[in-house]
Every structure is written in C-alpha cells, then in structure tokens.
Amino acid sequence: MTVKELCGECGFEIVCMPDDCREVKGAYIGDLLSWVMGRANEDNAWITIMSNINVIAVASLSDVSCVILAEGVKLDDEIRNTAEQKGVNILSTELPAYEAAQKLFGKV
C-alpha cells in the first residue's frame, strides 16, 4: 500500500507528501528518537507525538515511508518545509498513537 492509499483508507490528514507513491510496509510507534533510529524498519509508518526538527532527521536516516503525528500534534511551517525538502511524508491524526496503529492493522 502506498502512503497516499494509506492516507485515504485511514483518514489521516496530509501535512506534506513529497513522495505519495512510497510503499508502507509495517509500522513503528515511538517517541524516543534514538530508539526509533535503531529499531524502526525501512518503509515503516512511524507513529509519534514528537514534532521537532529532529523527527525529520530520524525519519530520513531510518528511511521510514511516513511519519504519522498522533494526538493532533502540529508541525510549524519551517519543519514542514524541511520535511518537504528532505522527501519525508508527514501525516497527522487526532487519534492517540495506539488507535492510529489499529487503523494500520491488516493494511500494511
């Protein structure tokens, strides 16, 4: 499933989507950036409540297919622009991380 398809099926909001054809294969939930960097797999959808610039760096290094910001977390314009430039797909949802992960279950 692509990030664009995932967004449509799960009802996630698009924050930025520079690579809508990126495949999503699994998910990872975590907020400790060093932990995510060592454990998230390539092409995972990463669910987090973190919204600082380091999220973009970790997403890029870990090569996740997208970041899903849970619990209504917002990005400021500077971080969103950086994500766009780095090719990092960012989605958001008002759902808690657990419920966002439940939406992914059986789809990725």
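The following dialogue examines the sheet, the cysteines and one ring contact of a predicted model.

Local features need pLDDT of at least 70 and side-chain atom pairs pLDDT 80 or more, while totals for chains, interfaces and linings use all residues. Residues are numbered from 1 along each chain as its sequence is written, and side-chain values use heavy atoms, without hydrogens and water.

Student: In what order do the five strands of the open sheet lie?

Tutor: Strands here are DSSP runs (E, at least two residues), numbered from the N terminus, and two strands pair if DSSP finds at least two bridges between them. The pairing in this sheet is mixed. Its edge strands, β1 (13-16) and β2 (27-29), each pair on one side only. The order is β1-β5-β4-β3-β2.

Student: In which sense do β3 and β4 pair?

Tutor: Strand β3 covers residues 45-48 and strand β4 residues 66-69. Thr48 stands opposite Leu69 in β4. Over four bridges, the sense of the pairing is parallel.

Student: Why is the sulfur of Cys66 not bonded to that of Cys7?

Tutor: A disulfide requires two cysteine sulfur atoms within 2.5 Å, and the structure holds zero disulfides. Cys66 counts as buried (under 20% relative accessible area; exposed is over 50%, partly exposed in between; 1.4 Å probe, protein chains only), because its relative accessibility is 1%. Its closest cysteine sulfur, in Cys7, is too far for a bond, at 8.4 Å.

Student: Which residue lies over the face of Trp35?

Tutor: A charge sits over a ring if NZ of Lys or CZ of Arg is within 6 Å of the ring centre and within 35 degrees of the ring normal. At 3.4 Å from the ring centre of Trp35, the residue is Arg39.
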